[in-house]
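Subject: Structure for your review

Dear colleague,

Please find below the sequence and structure that I am handing over to you. My notes on what was found follow directly after.

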Amino acid sequence: MEIDVLGLGESLKEFKPNRNITIGVNDIWKHYPTDYVVCVDRINAFTVERLRTIMKSKPKKFLTHLEEWKRIMPTFELIELSKGRGNLNDIDNTFAYSNNSVFVAVVLAYKLGATKINIFGADFNTHAALNGNKLLAALDDYKNLFELFKEKGIKVTVSKGSKLNQILK
């Protein structure tokens, strides 16, 4: 099964809607309706406009580890994050996480049974919170996740503009 994971970076423009299952993050519905939405940020992290977009979205499931979303998202589903950022040891029972929503969305694709995961818009070129050591930590977490996927026979592709291509080579 092929699943498309959609972040909010510039390379999202490379995505062409198809019949694959889609998983987006945060206010992805501003650009595309997705089957699932993952959010790891608190409600107050979003501007009023972005929050309004999230609240108007109608995914099959809205997944987060934060109970506060339950009151405003009808398709809310609470997920359990693993113990410690980047921890893949219990990935089959909990959600491994990094320092960005796309990572959790990619883990969801794995949990849904993807044999191929296509990632669009996870560029990390202009992300305000991901630079310096935080960017290096994220790239390291993805490297480990992609190695696990390779061992399990799961193929990963990444849109051209993403820094994630550095670790897929």
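In this predicted model, the second largest pocket holds about 190 Å³ of space. Its lining consists of K143, F146, E147, K150, I154, K155, V156, I167 and L168. Three elements give two or more residues to that lining, namely α3 (132-151), β7 (155-158) and α4 (165-168). The element that gives the most is α3, with 4 residues. Sorted by class, the lining of this pocket comprises 5 nonpolar and 4 charged residues, and no polar ones.

I turn next to the nonpolar cores. The largest nonpolar core has 38 residues, of which V5, I23, I117, I119, F149 and L164 touch the most other members. Two or more residues of this core come from each of β1 (2-6), β2 (21-25), β3 (36-38), α2 (101-111), β6 (116-120), α3 and β7. The largest share, 9 residues, is given by α2. Thus α3 and β7 appear both among the elements lining the second largest pocket and among those that build the largest nonpolar core.

Which residues does V5 touch, leaving aside those up to four places away in sequence? The contacts of V5 are I23, V102, A105, V106, A109, I117, N118, I119 and F120. Among these, I23, I117 and I119 are also listed with V5 as core residues that touch the most other members.

Apart from the largest nonpolar core there is another core, of 17 residues, including L12, L51, I54 and F76.

With kind regards

Definitions and conventions: Residues numbered from 1 in each chain as written. Predicted model: local features only at pLDDT ≥ 70, side-chain atom pairs only at ≥ 80, totals over all residues. Heavy atoms only, no water. 1 Å grid on protein atoms, 1.4 Å probe; cavity = no way out; pocket = protein on both sides within 12 Å on 5 of 7 lines; lining within 4 Å. Points joined across faces, edges and corners; volume = space filled by probe spheres on them. Nonpolar A, V, L, I, M, F, W, Y, C, P; charged D, E, K, R; others polar. Core = buried A, V, L, I, M, F, W, Y, C linked by side-chain atoms within 4.5 Å. Buried < 20%, exposed > 50% of the residue type's maximum accessible area, 1.4 Å probe, protein only. Contact = heavy atoms within 4.5 Å.
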